Amino acid sequence: MSAQPSGAHPVAVGGIRDRLCDAAAAVITSEGWARVTMARLADEVGVSRQTVYNEIGTKNDLAEAIVLRELDRFLAGVVRSFDENPTDLVQAIRDSARRVLKYAQNNALLHAVVSATHGADTELLPLLTTHAESLLVAAKMVVGERLAGYQIDLPEDRLEASIDMVVRLVLSHVMQPSGDPATTGEDIAWVAARVLG
């Protein structure tokens, strides 16, 4: 299941595109977004600069590819948690939140992105705000699809509001953790249980 909005470049698994994203992520985490150039990526991966442009496009396209690839990785854990708990919605939410927060805890790329939101890398900040809404939409879409398999006694508009609330709650803890993943996952599940009934 892909989290990519329509019109986004496909993120190939393996191959040159993935290697370019890996190289860019390594530069972002060690030196910042401003130090990422297409020429540097070409050197790191051992391809021509034209190949980088053909595979990725612009630097903004590169940022989008990296962000979407990372989102896919986060959401794979969400899908797995729901698949492992087909009859227990609260447990699925608990496991999802815990998995996402545990993955985020040691994610160097995410830490670089979070530091950008606090002024450490001002060039990356506009890219984050540009893609924030599409990331939220993709996350809510995946959760909404998974919830379809559960019996939830809420009108459609209240269900959508509940999904929005739970997704935003998890993302806020991704950006600013307040405790360990297991405890926070438990707290989020408690809130979700009261909202979803």
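Start with Ile-93: once neighbours within four places in sequence are set aside, Ile-93 is in contact with Phe-82, Val-166, Ile-188, Ala-189, Ala-192 and Leu-196. Keep in mind that you're looking at a predicted model.

Ile-93 also turns up in the largest nonpolar core, a set of 31 residues. The residues with the most contacts inside that core are Phe-82, Leu-89, Ile-93, Leu-147, Tyr-150, Val-174 and Ile-188. Who builds it? Helices α4 (59-84), α5 (89-105), α7 (125-147), α8 (156-175) and α9 (181-196) each put in at least two residues. The biggest giver is α5, with seven residues. There's also a second, separate core, this one of 21 residues, and Val-27, Ile-28, Trp-33 and Ala-42 are among its members.

Now zoom out for a moment. The protein chain has nine helices and zero strands, so reading along the sequence just gives you α-α-α-α-α-α-α-α-α. Of the 197 residues in the protein chain, 45% are buried. As for how the chain meets itself, take the contacts between residues at least 6 apart in sequence: 67% of them join residues at least 24 apart.

Back to the details, with Ala-104, which sits in helix α5. Ala-104 counts as buried because its relative accessibility is 5%, and the cut-off for buried is under 20%. Skipping neighbours within four places in sequence, Ala-104 is in contact with Phe-74, Leu-110, His-111 and Val-174. Take the pair Ala-104 and Phe-74: they are 30 residues apart in sequence, and their C-alpha atoms are 8.2 Å apart in space.

Val-174 brings us to α8, where the buried residues are Leu-159, Ser-162, Ile-163, Asp-164, Val-166, Val-167, Val-170, His-173 and Val-174. How does the length of α8 check out? At 1.5 Å a residue, its 20 residues should span 28 Å, and the end C-alpha atoms of α8 are 29 Å apart, which agrees. (The expected span is 1.5 Å times one less than the number of residues.)

You can run that check on α1 too: its 17 residues should span 24 Å at 1.5 Å a residue, and the end C-alpha atoms are 24 Å apart, so the two agree. The buried residues of α1 are Arg-17, Asp-18, Leu-20, Cys-21, Ala-23, Ala-24, Ala-25, Val-27 and Ile-28. Just after α1, Gly-32 takes a positive phi of about 105°.

Ile-28 is worth a look of its own. This residue of helix α1 has 7% relative accessibility and therefore counts as buried. Leaving out residues up to four places away in sequence, Ile-28 touches Trp-33, Val-36, Ile-66, Leu-109 and Ala-112. Of these partners, consider Leu-109: Ile-28 and Leu-109 are 81 residues apart in sequence, yet 7.0 Å apart in space, C-alpha to C-alpha.

Finally, follow α1 to its meeting with α3. The axes of α1 (residues 15-31) and α3 (residues 49-56) come within 10 Å and cross at roughly 100°. That angle makes α1 roughly perpendicular to α3, because 65 to 115 degrees is the range for that label. On the α1 side, the residues involved are Ile-16, Arg-17, Leu-20 and Cys-21, and they meet Thr-51, Val-52, Glu-55 and Ile-56 in α3. Sort the residues of this contact by type and you get five nonpolar, one polar and two charged.

Conventions. Residues numbered from 1 in each chain as written. Predicted model: local features only at pLDDT ≥ 70, side-chain atom pairs only at ≥ 80, totals over all residues. Heavy atoms only, no water. Core = buried A, V, L, I, M, F, W, Y, C linked by side-chain atoms within 4.5 Å. Buried < 20%, exposed > 50% of the residue type's maximum accessible area, 1.4 Å probe, protein only. Helix = DSSP H or I, 4+ residues; strand = E, 2+ residues; numbered from the N terminus. Contact = heavy atoms within 4.5 Å. Axes fitted to C-alpha atoms, helices over the stretch in contact; angles between N-to-C directions. Parallel < 35°, antiparallel > 145°, perpendicular 65-115°, else oblique. Nonpolar A, V, L, I, M, F, W, Y, C, P; charged D, E, K, R; others polar.
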